[in-house]
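Please open the model in your viewer and keep a selection panel at hand. The stops below move from helix to helix, then to the sheet and finally to a pocket.

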Amino acid sequence: MNENFTLDAASLLILQELQRDSRQTVQQIAAKAGLSTTPCWKRIKELEAAGVIRGYTALVDRSKVGLNLLVVVEVNLSQHTETTVRQFEREVAVSPHIVRCLSTTGQADYILTVMARDVAHYEQLLHGTIFRLPGVSQVRSSIVLNEVKSEVRLPVGEV
């Protein structure tokens, strides 16, 4: 984001509305943000150009597309050379069933979120993908029993 770009109250309201429902018309968003249509449209374009808005997507119910198993995977690397770390992260980025990867402090070097059809499918992913990632020395898997909260909206403008 450039240094001259500021998130004022109207920009925060626009972001809240787009996160709530990005299929709204600019007119609907403008009304909620207290702007007329053209300034609201320009503000959205500025937010996109500044990288504040990275894209738009549909939220898909994973169970309705056959991804019934959610697994949190803790991974440790055997070495932390720049080459190994880059290779690991590059391969994680292209693996479609690994939907999130966090580099962390603490007991795990990385925490992955993996989606699979079922336990047998996860076992295939574990042996065919995760164990084969560069530098992996230890893997601990936790199967999610119940997804209590899964929020993608950021708390912009919240106090």
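What follows is a list of selections in order, each with a description of what is found there.

Before starting, note that this is a predicted model, in which local features need pLDDT of at least 70 and side-chain atom pairs count only at pLDDT 80 or more, while totals for chains, interfaces and linings use all residues. Residues are numbered from 1 along each chain as its sequence is written, and side-chain values use heavy atoms, with hydrogens and water left out.

**First stop: helices α1 and α3**

Select residues 9–20, helix α1, together with residues 37–49, helix α3, whose axes come within 11 Å and cross at roughly 80°; α1 is therefore roughly perpendicular to α3. Helices here are DSSP runs of H or I with at least four residues and strands are runs of E with at least two, numbered from the N terminus. Axes are lines fitted to C-alpha atoms, for helices over the stretch in contact, and angles run from 0 to 180 degrees between N-to-C directions, with 65 to 115 degrees counting as roughly perpendicular. Show the side chains of Ala10, Ser11, Ile14, Leu15 and Leu18 on α1 and of Cys40, Arg43, Ile44 and Leu47 on α3, which make the contact (heavy atoms within 4.5 Å).

**Second stop: helices α2 and α3**

Keep α3 and add residues 26–33, helix α2, which packs against α3 at an angle of about 100°, with the axes 9 Å apart; α2 and α3 are therefore also roughly perpendicular to each other. On the α2 side the contact involves Val26, Gln27, Ile29 and Ala30, and on the α3 side Thr37, Cys40, Trp41 and Ile44.

**Third stop: the sheet**

Now select the four strands of the open sheet, which have the order β2-β3-β1-β4 with antiparallel pairing; two strands pair if DSSP finds at least two bridges between them. At the edges are β2 and β4 (136–143), each pairing on one side only, and the twist from one strand to the next averages 20°. Between β1 and β4 the antiparallel pairing extends over seven bridges, and leucine 77 stands opposite valine 136 in β4. The antiparallel pairing of β2 and β3 has five bridges, with threonine 113 in β3 as the bridge partner of arginine 100. The hairpin of β2 and β3 has six residues between the strands, and glycine 106 takes a positive phi near 100° there.

**Fourth stop: helices on the sheet**

Add residues 82–93, helix α4, which lies across β1, β2, β3 and β4 and runs at about 25° to β3. Helix α5, residues 119–130, packs on the sheet and touches β1, β2, β3 and β4, its direction making about 135° with that of β3.

**Last stop: the largest pocket**

Which residues lie nearest the centre of the largest pocket? Select Thr57, Leu59, Glu151, Val152 and Arg153, which have that position among the 39 lining residues. A pocket is an open set of points on a 1 Å grid over the protein atoms alone where a 1.4 Å probe fits, with protein on both sides within 12 Å along at least five of seven lines, and lining residues have an atom within 4 Å of a point. Colour α1 again, since it supplies four residues, the largest share of the lining.

Methods
Parallel < 35°, antiparallel > 145°, perpendicular 65-115°, else oblique.
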